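Q: Please take a close look at one buried side chain and its surroundings in this predicted model. Then work outward to the parts around it.

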Amino acid sequence: MARITYVEFNGTEHVVDVPTGLTVMEGARDNGIPGIEADCGGACSCSTCHVYVDPAWVDQLPQRDPMEEDMLDFALAPDPVRSRLSCQLRVNDSLDGLRVDMPERQI
């Protein structure tokens, strides 16, 4: 389990415990976190789960694969370093303390 902080665009923070094996997107969806739409349900085909990873965490996550890179082209204001699709971030104990910021809107 990892405690993850989701930060809405307006600064509202939501701290939730997300079980190992789920994705950061599923943690948001299952806990009613606003700002992550997850239209495709985690298939990496819509970019509506776009988040900005806290700079302190960027190097601790697996690198984006080519499919995620392509989908981020459709995201609102992608950041070349911090943008990730939360459906592609699988939760494990090493993500305890992860912080992600959400964009003003998805797409």
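**Gln106 and its surroundings**

A: A polar atom of the Gln106 side chain lies 2.9 Å from the backbone oxygen of Gly35. The Gln106 side chain also reaches a second backbone oxygen, that of His50, at 3.0 Å. In sequence, Gln106 sits in the segment after strand S5 (99-101). Its relative accessible area is 7%, so Gln106 is buried; the cut-off for buried is under 20%.

The contacts of Gln106 come next. Neighbours within four places in sequence are left aside. Gln106 is in contact with Gly35, Ile36 and Glu37, and also with Ser47, Thr48, Cys49 and His50. Gly35 and His50, whose backbone oxygens the side chain reaches, are thus both among these contacts.

Ser47 deserves its own look. Ser47 is placed in the loop between helix H1 (24-30) and strand S3 (50-53). Its relative accessibility is 2%, so Ser47 counts as buried. Beyond four places in sequence, Ser47 touches Gln106 and Ile107. Ser47 also touches Met71, Phe74, Ala75 and Leu85.

Two of the residues named so far lead to the nonpolar core. Ile36, a contact of Gln106, and Leu85, a contact of Ser47, are among the residues that touch the most other members of the largest nonpolar core. That core has 28 residues. Ile4, Tyr6, Val24, Val53 and Leu98 are also in this most-connected group. S1, S2, H1, S3 and helix H2 (66-72) each supply at least two residues of the core.

Leu98 shows how such a core member is surrounded. Leaving aside neighbours within four places in sequence, Leu98 is in contact with Ile4, Val24 and Val53, and these three belong to the most-connected group as well. Arg3, Thr5 and Trp57 are further contacts of Leu98.

Tyr6, another residue of that group, leads out to Thr12. Thr12 touches Tyr6 and Val7, not counting residues up to four places away in sequence. Thr12 lies in the loop between strand S1 (2-7) and strand S2 (13-18). With a relative accessible area of 33%, Thr12 is partly exposed, whereas Gln106 and Ser47 are buried. The side chains of Thr12 and Asn10 are joined by a polar contact of 2.8 Å. Thr12 and Ser83 are 71 residues apart in sequence, and their C-alpha atoms are 19 Å apart in space.

Technical notes: Residues are numbered from 1 along each chain as its sequence is written. This is a predicted model: local features need pLDDT of at least 70, side-chain atom pairs count only at pLDDT 80 or more; totals for chains, interfaces and linings use all residues. Side-chain values use heavy atoms; hydrogens and water are left out. Helices (H or I, at least four residues) and strands (E, at least two) are DSSP runs, numbered from the N terminus. Buried means under 20% relative accessible area, exposed over 50%, partly exposed in between (1.4 Å probe, protein chains only). Contact means heavy atoms within 4.5 Å. A polar contact is a pair of N or O atoms within 3.5 Å; within protein, one must be able to donate a hydrogen and the other to accept it, and residues adjacent in sequence count only if both atoms are side-chain atoms. A nonpolar core is a set of buried Ala, Val, Leu, Ile, Met, Phe, Trp, Tyr and Cys residues joined through side-chain atoms within 4.5 Å.
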